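Reader: I should like a close look at a single part of this structure, namely the protein surface that faces the DNA. Please describe in one connected account what supplies that surface and where the contacts fall.

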There are 2 protein chains.
Amino acid sequence: MTEFSLPPIQTTARDDAVLKALAGFVMREKLEPGERLPTERILAERLKVSRNTVREALTRWEGLGLVERRQGSGTYLKAAVSLDMLHMPLTLAGGNDFTGLMRTLEIRRALEAEAAALCAIRADEDDLAEIERKLDIMEEEFLSRAGMSSEEDWEFHQAIYRACGNPLFEQIIAAMHELFHRFWEHPLGVRDFGHASFPYHRTMFNCIAAHDPEGARAEALKLIATVEDDLKRGAANLKLSDRK
Amino acid sequence: MTEFSLPPIQTTARDDAVLKALAGFVMREKLEPGERLPTERILAERLKVSRNTVREALTRWEGLGLVERRQGSGTYLKAAVSLDMLHMPLTLAGGNDFTGLMRTLEIRRALEAEAAALCAIRADEDDLAEIERKLDIMEEEFLSRAGMSSEEDWEFHQAIYRACGNPLFEQIIAAMHELFHRFWEHPLGVRDFGHASFPYHRTMFNCIAAHDPEGARAEALKLIATVEDDLKRGAANLKLSDRK
DNA sequence: GTGTAGAAATTGGTTGGACCATTGAACCAC
DNA sequence: GTGGTTCAATGGTCCAACCAATTTCTACAC
């Protein structure tokens, strides 16, 4: 057979066109997350399509987490929208809770280590100051409440991702973080979860501040390793309690 | 059409309930990717909801890539579906230039190395055979056409992600791959792009087959490094041609 | 004036029915 | 067999209502 390429033609693509028009509108109006966009009825009228078509398009955006609908109130932008976005829904199927948690951690281990190394290379003085500020807050919280505060801990890590010079790290790890916490409905009966990871936050920062990428990578790996250990401990507890 | 049972829906939050009922149906009937599911009209009738509601639910699944609709033909399952799936939409915005390409490569460097290492630990005989098969095809293509074939190359890498035991790797790296190729409209004037990466495919596979995770990681890093070099070379060319 | 309960308007959610566009299979002429 | 034609099935779009949650306005009591 002769090889030749013919891209499939696209005749009807109403709702896609609606989404593109909407994305253009959002950009023109400089709508930011939290703002309300026009009602479905108005959109249907302006775009000369039926309200049903508008709804199907908005349903797609809602599924992607770009938009939130509140009955009786309106449709609100949930994230920045631009025309050149790539949407890639991650689906993590099956397995028990423990497996899912470990899988998100495997991704995070790879990215966290790389982000820390890149950060050690690229962070400037301002970045370092911001990271250390978040670290101080976290440590204070830890010492005063005698336990890890996942909120302040997450702030610290995010500061690193932002300083590493590649916004993709923050976006992907944030997705992993959310996936992790969605699995995290049953705390697996682990007390002092994350406790062991505490000291590595400071050592990792020290390596970053010293512009030592390999050291930062090593400390990041140790940090994640303690979390994985906690998780395994929890899984073991769970199996034990299942037995009785 | 096979006989099936679907209980009617009960309260509000219809389309969510529709999806749950549909997921249950797919599991009961053991539908596999590629198979056709009932028509919208039949689903509406069985579930005692309007066809529009069924359509909104299916639109959500379509947005998640779980299902594909073909007008005049039907709605087909595109991926395995189970009740305990978690979906995490990942939307990536990129600058479409050299910087964007390098950013996708930074993510890929981190994940590719980790996936190779995990694969070296976990791959069984069948996985290894499949990977080597893809590798042979790629090498043959390379030698016969005297150049990298991005299609066969990608197949090889995907086989590794699948064998690493964590489906998130394949999904996230696929997103990076798509982002990369969306920027890749102008090949930056680099001839023999990817040529230098060729030998490392075999060496990486050898490490995986020998269950040597750190070796596999090292070879993966070398492989990505050659691609990054090609890219930098291309960027330099581009700047040069801009000058004149 | 102030506060609050209730009515009215607004807005997303759902329904049912209609028609269009595409597909695929059965059928037919050649 | 090849190439049309017909026709039923199916997803895509549209319309005009009505439902349910929310917000806004208004009238009334104090």
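Author: In this predicted model, the surface near DNA strand C draws at least two residues from each of α2 (40-47), α3 (51-63), β2 and β3 of chain A, and from α3 (51-63) of chain B. The largest share, three residues, comes from α3(B). In total, 24 residues surround DNA strand C, and the closest are A:R51, B:R14, B:N52, B:T53 and B:Q71. Sugar and phosphate make up 58% of the atoms of this strand that come within 4 Å of the protein. By class, the surrounding residues comprise one nonpolar, 13 polar and 10 charged.

Several polar contacts reach the phosphates of DNA strand C. A polar side-chain atom of B:T53 lies 2.4 Å from a phosphate oxygen. From chain A, a polar backbone atom of A:E40 is 3.1 Å from a phosphate oxygen of the strand, and an N or O atom in the side chain of A:T75 is 3.3 Å from a phosphate oxygen.

The strands β2 and β3 of chain A, which contribute to this surface, belong to an open sheet of three strands in the order β1-β3-β2, with antiparallel pairing. β1 (36-37) and β2 (67-70) stand at the edges, each with a single partner strand, so one side of each has no neighbour in the sheet. Four bridges join β2(A) to β3 (residues 74-77) of chain A, and A:Y76 in β3(A) is the bridge partner of A:E68.

Turning to DNA strand D, 24 residues lie around it, of which A:R14, A:N52, A:T53, B:R51 and B:Q71 come nearest. Of the atoms of DNA strand D within 4 Å of the protein, 58% belong to sugar or phosphate, while the rest belong to bases. Here A:T53 places a polar side-chain atom 2.4 Å from a phosphate oxygen. From chain B, a side-chain N or O atom of B:R55 is 3.0 Å from a phosphate oxygen of the strand, and a polar side-chain atom of B:R36 lies 3.2 Å from a phosphate oxygen. The elements giving two or more residues to this surface are α1 (14-28) and α3 of chain A, with α2 (40-47), α3, β2 (67-70) and β3 (74-77) of chain B. Among these elements, α3(A) gives the most, with three residues. The surface near DNA strand D has one nonpolar, 12 polar and 11 charged residues.

Terms used: Residues numbered from 1 in each chain as written. Chains lettered and ligands numbered in written order. Predicted model: local features only at pLDDT ≥ 70, side-chain atom pairs only at ≥ 80, totals over all residues. Heavy atoms only, no water. Pairing = 2+ DSSP bridges. Near = heavy atom within 4 Å. Polar contact = N/O pair within 3.5 Å; in protein donor to acceptor, adjacent residues only side chain to side chain. Nonpolar A, V, L, I, M, F, W, Y, C, P; charged D, E, K, R; others polar.
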